[in-house]
Amino acid sequence: MVAVTINALHELKKHDKKFPVITAYDASFSRLAHNAGIDVILVGDSLGNVVQGHDSTIPVTMGNMIYHTEAVRRGSAKSFVIADLPFMAFSSEAQTLDHSALLIQAGANMVKLEGGAWLCNTVQMLSERGIPICGHLGLTPQSVHKLSGNKVQGRGEEATEKIIQDALRLEEAGVDLLVLECVPSTLGSKLTAALNIPIIGIGAGADTDAQVLVVYDMLGLSPSIPTFCKNFLEDTDNIEAALKSYAEDVRSGRFPGPEHTFS
């Protein structure tokens with residue numbers, strides 16, 4: 001597999017070719033994803049939930065993210081690796097730059113930040129210094145207390161418009177990719193059409209440019225599997241086959257189905 005680049009992902013969007021993304025945290029799953037043809041791996045702070053056993057991502061530290069990013073990179077030298085900046089790791093521009101540099105040095109190709117237009121100055125600063133950025137809108141798990149739980153976001157005209165405007169401003173500031181989580185499928189479709197950068201959906205409908213699932217969820221290993229997820233291990237006989245099935249279903253448009261979306 002040739003090493004994946006931002007330009008390659010942007011070309012997929014231009015040619016209406018969907019691509020799969022997986023959230024993984026170690027070398028073994030990174031290697032399996034690579035072998036299954038999944039080119040993009042997100043090292044998510046969701047490791048707080050599925051690896052550490054917390055009820056949110058809030059306890060995850062920079063040390064945790066560096067450790068797991070290094071592990072994922074060792075599993076696949078050519079995958080495109082996105083690493084989360086965890087809770088309160090980007091509260092100032094200077095802090096964000098220092099922490100982003102640590103994740104890039106750990107093996108990430110890109111850092112991900114949760115939040116809207118208030119991040120534009122930070123995004124511009126990182127972009128000017130050569131650090132690629134993935135935004136994250138919709139349900140932002142680091143704001144779980146402010147949102148009063150993990151709820152679908154972007155319902156209603158005002159909420160929809162706010163997310164669209166946040167996305168447009170982030171793109172203008174220099175965001176290269178955008179994760180859109182737990183929003184109505186109509187909003188996912190609108191946003192994908194409105195932006196030039198690829199939209200990676202998770203519970204955001206079938207029209208986004210890519211899909212991402214947590215590897216523990218899509219293998220049925222999590223105690224509670226989200227409604228927007230499918231257990232791909234049920235219909236296969238091993239993990240690599242399940243990963244290949246997921247990748248094929250995303251590329252063909254078979255996943256997500258109507259049962260995995262929100263209205």
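**View 1. Helix 7 and the second largest pocket.** Helix 7 (157-173) is the biggest contributor to the lining of the second largest pocket, giving 4 residues. This is a predicted model, where local features need pLDDT of at least 70 and side-chain atom pairs count only at pLDDT 80 or more, while totals for chains, interfaces and linings use all residues. Residues are numbered from 1 along each chain as its sequence is written, and side-chain values use heavy atoms, with hydrogens and water left out. Helices and strands are DSSP runs numbered from the N terminus (H or I, at least four residues; E, at least two). The second largest pocket holds about 460 Å³, and 23 residues line it. Gly115, Gly116, Trp118, Thr140 and Ser143 are the ones closest to its centre. Besides helix 7, strand 5 (133-138) also gives two or more residues to this lining. Sorted by class, the lining has 9 nonpolar, 10 polar and 4 charged residues. (Ala, Val, Leu, Ile, Met, Phe, Trp, Tyr, Cys and Pro are nonpolar; Asp, Glu, Lys and Arg charged; others, including Gly, polar.)

**View 2. The largest pocket and its lining.** Here the volume is about 690 Å³. On a 1 Å grid over protein atoms alone, a pocket is an open set of points with protein on both sides within 12 Å along at least five of seven lines, a cavity is a set where a 1.4 Å probe fits but cannot get out, and lining residues have an atom within 4 Å of a point. Points join across faces, edges and corners, and volume is the space filled by probe spheres on them. If you want to find the middle of this pocket, look for Ser46, Asn49, Glu181, Val214 and Asp217, which are the closest to its centre out of 32 lining residues. Helix 3 (47-50), strand 4, strand 6 (177-181) and strand 8 (210-214) are the elements that each bring two or more residues to the lining. Strand 8 has the largest share, with 3 residues. The lining of the largest pocket breaks down into 13 nonpolar, 12 polar and 7 charged residues.

**View 3. The cavity beside strands 7 and 8.** Searching the whole structure for cavities of 30 Å³ or more turns up 1. The largest cavity has about 40 Å³ of space. Among the residues lining it are Phe228, Phe255, Pro256 and His260, along with Gly201, Ile202, Gly203, Ala204 and Gly205. Gln211, Val212 and Leu213 are on the list too. Strand 7 (199-202) and strand 8 each put in at least two residues, and strand 8 gives the most, at 3 residues. No charged residue lines the largest cavity; the classes are 7 nonpolar and 5 polar.

**View 4. Phe255 and its ring partners.** Rings of Phe, Tyr and Trp (six-membered ring) pair when their centres lie within 6.5 Å; planes under 30 degrees apart are stacked, over 60 edge-to-face, the rest tilted. That rule gives 6 aromatic pairs. In one of them, Phe232 and Phe255 meet edge-to-face, with 5.4 Å from centre to centre and 75 degrees between the planes. Phe232 sits in the loop between helix 9 (215-218) and helix 10 (239-252), while Phe255 is in the segment after helix 10, so this pair ties together parts 23 residues apart in sequence. Phe232 is buried at 2% relative accessible area, and Phe255 is buried at 3% (buried: under 20%; exposed: over 50%; partly exposed: in between; 1.4 Å probe, protein chains only). Phe255 also pairs with Tyr246: their ring centres are 6.2 Å apart and the planes are at 70 degrees, so this one is edge-to-face as well. Tyr246 is buried too, at 0% relative accessible area. Elsewhere, ring pairs link up Tyr25, Phe29 and Tyr216 as a cluster.

**View 5. Strand 3 and its parallel neighbours.** With 5 of its 5 residues buried, strand 3 (residues 80-84) is largely enclosed by the rest of the structure. Phe80, Ile82 and Asp84 point one way from the strand and Val81 and Ala83 point the other, yet every one of them is buried. Strand 2 (residues 40-43) runs parallel to strand 3, joined to it by 4 bridges (strands pair if DSSP finds at least two bridges). Strand 4 (residues 110-114) also pairs with strand 3 in the parallel sense, over 3 bridges. Ile82 is a handy landmark here: it is the bridge partner of Leu42, and its bridge partner in strand 4 is Met110.
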